[in-house]
Amino acid sequence: MTQTTSKRILVTGLSTYWGARLARELEQNPDIEAIVGVDSADPAGELERTEFVRVGTQHALLRRVVEAAEIDTVIDTRLVVDSTVTTSRLAHENNVIGTMNILAACSGPASSVRKFIFKSSAHFYGCNQDDPAFFTESMGRPHPPRTPIERDIVEAEASIEEFREKNPDVCVTAFRFANVLGPDVQTAHRRLFELPLIPMILGFDPRYQFVQEDDVVNALKHAALHDLPGIFNVAGDGVLAFTEVCSLLGKQFVPILPPWGTGIAAQALRRFGVVIPPEMLGQLRFGRGLDNRRFKATGFGYRYTTRETVQKLGEHLRLQPILAGVREPYRYEREVEEFLRWSPYVRRGREEEGEPPPMPSVAQLSELQKFLSAYAAAAPPQPHTEPEPAAADEVEPIEIHEPEPEPELPAGAPVDDYDDLEAEEVISLLGSLEGHDLVALRTYEETGQGRQAVLRAIDGVLSRREPAGTR
Amino acid sequence: MSPSERTSLRFREEEEDVVGTTAAGLPVRRGNLRDYLPAVETDRQVNDWGRSERVEGLLDRTIVDFFYNYWFRAEVDGVENVPSAGGALLVSNHSGALPPDAAMIAKSIKEEHPHPRPLNITVEHFFKGYPGFSMLIPKIGCVAAHPANVQRLLYDEEQLVLVFPEGRKGTEKLYKDRYKLRRFGRGGFVEAAMRAQAPIVPVCVVGAEESAPIFAQVNVLQKLTGLIYFPLTPTFPWLGPLGMLGYLPAKFKLRFLPPIYFNQDRMWEDNALVQTVAHEIRARIQENVLDMLKTRKSVWFG
């Protein structure tokens, strides 16, 4: 099987924690050309190069976005797996109808989409008395789902399955994540563990498995970077008893929920601000364990075991009251970044955006100086002075987007060296040159290769220098 | 519990051998997943199945030790037939209202075997849903009798598993039917052992029937309490729930028979073979139970 590394990625659910987290993570990877994020609400976090498009799950609009941006990979992070965050009607709309629409936008023979990654949940399996101790991916639920969220997830996965059958050339990856815990993500279980006393069902000590938030993002990224067709359980190693979780958190558990009429008791607790959604009641009774080995076999390494995940949350919860308000917000100069991306005054040498290269090094500068002085000596139009390397301050924003020049120029005849340089490499060095050197360089370029891009760039630098010089 | 919810050790669908691909595009086989089992976290006292060293150890040192050594005065024969390494499926006859046989088999391996190993006892799913039991049962080394659980324990984790193929039919039988083995399920246990390439060790237990005789079953009370059955024994329900532990001091005798190996590949696909082996194992246990009864002079003193 060949590897098709994803280059142009569409992330859905940018307004959810996962969408924003994943997009920020993908931005770090220079191999990924384009990241487009869609959602009907604003992104949940600041993003650097992700293009945000405000579009819901209307498939006609999405399809246009997918086609126009030639998206090859769609990562769907939008699924609601916690019934406390929204009403069951909206959750259904998002989980079932939304998934259907997004799949419709990606299907068809002309579609550019080659990979579809779906974030599902272990709620797919539900929690029942006759469950196996460890669910593998090929096992279905023993009984039809009873809670609305589980029903939605089963339906959403059914449409993913249908999509997989109809589009055999698309690599479809579906992840069933165990309950997520982490310092940053808010989940129903997190809220339960933040209570001073943790409620339990009398006479039950369920088995629990968690996955850390970083591992969730890493798993999605792993699927984006490799081709992993199929369904995978994602859960940290190890299954804890609920009492063990409580003791790791350093909290006391209270078995106040009765074994019979648990739903009614949970409703009563809601009045006191303790929200226990129906899908959690099942877990508090029967628990759930997942077999995570199939995903591990693909080469994925978990950073946290279930136990470490709980311990890390415990540490965070203990520090929370002390550090409240002290934590620094994410540092990001939004206005500057917006200006650099969108202002017509910013000049772009090329369309391509990449990682901002570092300033030209002193060694590279002196190489070019040597060449220029040699050139000046051969045909001296002007007296030559040695420029300071500190002139790098004058680099214009335009150069920031140029790729990094070759680190070392080969020694030899200076004129040959210069001709070996690519246009971009020359341009990236222009900002650090003195005015008369630029003029000399322009003359040489005109008589030599006469590359328009280089000439224009020199003119640009010179014209911007002039006002500063005449002031 | 309705009959449809009864458990079988049979896999519902045939599972594919190749379960995925690695990042490098190589196939992942089900058999190789054994290498990816989670590492044991030594700080923990509870394992991934919910078995608690602390609770199990406490019970083992007190009640189980007392019953094994002083009350039932268990006598063990052929314990070396239990393999010292690798998975093995122990199959035994079953009886008693709150069956004491499982705990005694586990204890005998712990006490008499040169390489004592923990024994995983398969139980009905019922226990997972009943408050109290649900908490205690996994802590003392019981797992639900799900084919996937048995497969993971036998094949992947290479542990000892004990099954009672008679299931509930064994424990609810009355005193007058003692030592008449019931049907051995549908042969699911043989299939499980063949899949896991683990040997079957038949185990015969004598004495359990007399230690907890059941005189009658009360269906009305069973429905009311939601228990799997409601027996009348010499002590239950007269002494309350603890009356379940009111065993009579019958002499226990355990006999481990030589293991049966399944060496050919995909033997479980032959249904006739599975049934034949199940019948053969049942016959062997029945024969040995009768043999042990034949030489027994007294119920109480052996």
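User: Hi! How much area does chain A expose, and what share do carbon and sulfur atoms supply?

Analyst: Chain A exposes about 21600 Å², and carbon and sulfur atoms supply 55% of it. Accessible areas come from the Shrake-Rupley method with a 1.4 Å probe, and for residues only the protein chains shown count as cover. Some background: this is a predicted model, where local features need pLDDT of at least 70 and side-chain atom pairs count only at pLDDT 80 or more, while totals for chains, interfaces and linings use all residues. Residues are numbered from 1 along each chain as its sequence is written, chains are lettered from A and ligands numbered from 1 in the order in which they are written, and side-chain values use heavy atoms, leaving out hydrogens and water.

User: Thanks! How many helices and strands does chain A have?

Analyst: Chain A has 18 helices and 13 strands. These are DSSP runs numbered from the N terminus, with helices being H or I of at least four residues and strands E of at least two.

User: And what percentage of chain A counts as buried?

Analyst: Of its 471 residues, 53%. Buried means under 20% relative accessible area, exposed means over 50%, and partly exposed is in between (1.4 Å probe, protein chains only).

User: Let's look at strand S11 of chain A. How many of its residues are buried?

Analyst: For S11(A), residues 230–234, 5 of its 5 residues are buried. Gly230(A), Phe232(A) and Val234(A) point one way, while Ile231(A) and Asn233(A) point the other way.

User: Why the two directions?

Analyst: Because in a regular strand the side chains alternate between the two faces of the sheet.

User: Which strand pairs with S11(A)?

Analyst: Strand S6 of chain A (residues 171–177) does, in the parallel sense over 5 bridges. Two strands pair if DSSP finds at least two bridges between them. Phe175(A) stands opposite Phe232(A) in S11(A).

User: New topic: which residues touch the most other members of the largest nonpolar core?

Analyst: Phe116(A), Phe175(A) and Phe295(A), in a core of 67 residues. Helix H6 of chain A (residues 213–225) gives the most to this core, with 6 residues. A nonpolar core is a set of buried Ala, Val, Leu, Ile, Met, Phe, Trp, Tyr and Cys residues joined through side-chain atoms within 4.5 Å.

User: What is Phe116(A) in contact with?

Analyst: Leaving aside neighbours within four places in sequence, its contacts include Val74(A), Asp76(A), Ile102(A) and Phe163(A). Contact means heavy atoms within 4.5 Å.

User: Asp76(A), a charged one! Which residue forms a salt bridge with it?

Analyst: Arg78(A) does, with the closest N and O atoms 2.6 Å apart. Both residues are buried. A salt bridge is a side-chain nitrogen of Lys or Arg within 4 Å of a carboxyl oxygen of Asp or Glu.

User: Which salt bridge crosses between chains?

Analyst: One that does joins Arg152(B) and Asp291(A), at 3.4 Å from N to O. Arg152(B) sits in helix H5 of chain B (residues 147–156), and Asp291(A) in the loop between helix H9 (278–286) and helix H10 (293–297) of chain A. Both are buried.

User: Is Arg266(B) buried or partly exposed?

Analyst: Arg266(B) counts as partly exposed, because its relative accessibility is 38%. Arg266(B) forms a salt bridge with Glu269(B), the closest N and O atoms being 2.8 Å apart. Glu269(B) is also partly exposed, at 46% relative accessibility.

User: How many salt bridges are there over all chains?

Analyst: The count comes to 45.
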